[in-house]
Amino acid sequence: MHFISPELEDYIEQHSEKEPELLAALNKETYQKILLPRMLSGHFQGRVLSMLSKLIRPVNILEIGTFTGYAALCLCEGMQQNGQLHTIDIKEELVDFQRKYFDKSPWGNQITQHLGEAIAIIPTLEIKFDLVFIDADKENYLNYFELILSKMNKGGIILSDNVLWSGKVLEPLQKNDNSTKVLLEYNKVLKEDPRIETVLLPIRDGLTVSRVL
């Protein structure tokens with residue numbers, strides 16, 4: 001589902017900050033070589049992530065779902081000088097691709113890649129986070145949320161991607177569509193959980209910003 005027209009999307013990009021050269025190269029190579037390239041955050045959402053990170057000024061960042069590393073690099077743009085970004089993904093074949101671009105950036109030594117299931121890895125991270133970006137398998141969003149809440153600093157921000165799920169959140173729920181079912185419950189939890197305050201932004205496929213109280 002297109003929430004706004006392609007023409008308006010193009011206008012928005014043209015009137016937002018320019019995509020940095022390194023990210024433009026990463027964007028291009030992802031579309032040339034990697035399956036399902038539309039999973040990449042892309043120019044506009046990437047600039048939104050960058051701006052939010054610059055406003056938050058996080059020390060420690062957690063990303064759940066690395067893909068080719070585009071969003072991770074956007075989030076690093078606002079990270080403090082002594083900061084660290086931890087990113088988790090299950091796709092071993094993408095690790096070297098990610099690392100190539102991480103090491104071309106100013107933050108290569110500050111980015112730690114974790115390979116495996118996020119549900120198993122998150123409890124091992126003895127770190128308090130200021131910013132978390134959830135962008136992995138939708139069926140585990142509720143599990144990720146519960147795991148990371150105890151690891152958030154007060155006032156920390158949780159960003160959740162794809163929460164509108166191509167508009168499926170408004171359509172009759174199809175049998176066996178567990179991803180949509182979980183996202184419907186997840187969106188309800190974010191709205192009602194007293195431990196956070198939340199706003200859902202209609203950016204790309206839906207981006208929720210939740211602040212830990």
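Trainee: In this predicted model, where does Ser105 lie?

Mentor: One places a residue by asking which elements stand on either side of it. Ser105 is found in the loop that links helix H5 (95-104) to strand S3 (111-115).

Trainee: Is Ser105 buried or exposed?

Mentor: The relative accessibility decides this, and buried means under 20%. Ser105 counts as buried, because its relative accessibility is 9%.

Trainee: Which residues is Ser105 in contact with, once its neighbours within four places in sequence are left aside?

Mentor: With those neighbours left aside, Ser105 is in contact with Leu22 and Leu73. In addition, the Ser105 side chain reaches the backbone nitrogen of Trp107, at 3.1 Å.

Trainee: Let us turn to a helix. Where does Asn27 lie, and why does it count as buried?

Mentor: Asn27 belongs to helix H2, which comprises residues 21-33. It counts as buried because its relative accessibility is 16%, and the cut-off is under 20%.

Trainee: What does Asn27 touch, not counting residues up to four places away in sequence?

Mentor: On that basis, Asn27 touches Glu19, Leu40, Gly42, His43 and Tyr70. With Glu19 there is a polar contact between the two side chains, at 3.2 Å.

Trainee: How many residues apart in sequence are Asn27 and Ile64, and what is the distance between them in space?

Mentor: Separation along the chain and separation in space are two readings, and both should be given. Asn27 and Ile64 are 37 residues apart in sequence, while their C-alpha atoms are 19 Å apart in space.

Trainee: I should now like to read the strands. Why is strand S2 described as largely enclosed by the rest of the structure?

Mentor: One examines its residues for burial. Strand S2 (residues 84-89) has 5 of its 6 residues buried, so the rest of the structure largely encloses it.

Trainee: How many bridges join strand S1 to S2, and do the strands run parallel or antiparallel?

Mentor: Strand S1 (residues 60-64) and S2 run parallel and are joined by 5 bridges. As one example, Glu63 has Thr87 in S2 as its bridge partner. Between these two strands the chain passes through helix H4 (residues 70-76), in a right-handed β-α-β crossover.

Trainee: In which sense do S2 and S3 pair, and over how many bridges?

Mentor: S2 and S3 also form a pairing in the parallel sense, over 5 bridges. Here Leu85 stands opposite Ile111 of S3. The chain travels from S2 through H5 to S3, and this β-α-β crossover is right-handed.

Trainee: Where do the side chains of a regular strand point?

Mentor: As a general idea, side chains in a regular strand alternate between the two faces of the sheet.

Notes:
Residues numbered from 1 in each chain as written. Predicted model: local features only at pLDDT ≥ 70, side-chain atom pairs only at ≥ 80, totals over all residues. Heavy atoms only, no water. Helix = DSSP H or I, 4+ residues; strand = E, 2+ residues; numbered from the N terminus. Buried < 20%, exposed > 50% of the residue type's maximum accessible area, 1.4 Å probe, protein only. Polar contact = N/O pair within 3.5 Å; in protein donor to acceptor, adjacent residues only side chain to side chain. Contact = heavy atoms within 4.5 Å. Pairing = 2+ DSSP bridges. Right-handed = clockwise from strand over helix to strand, strands pointing away.
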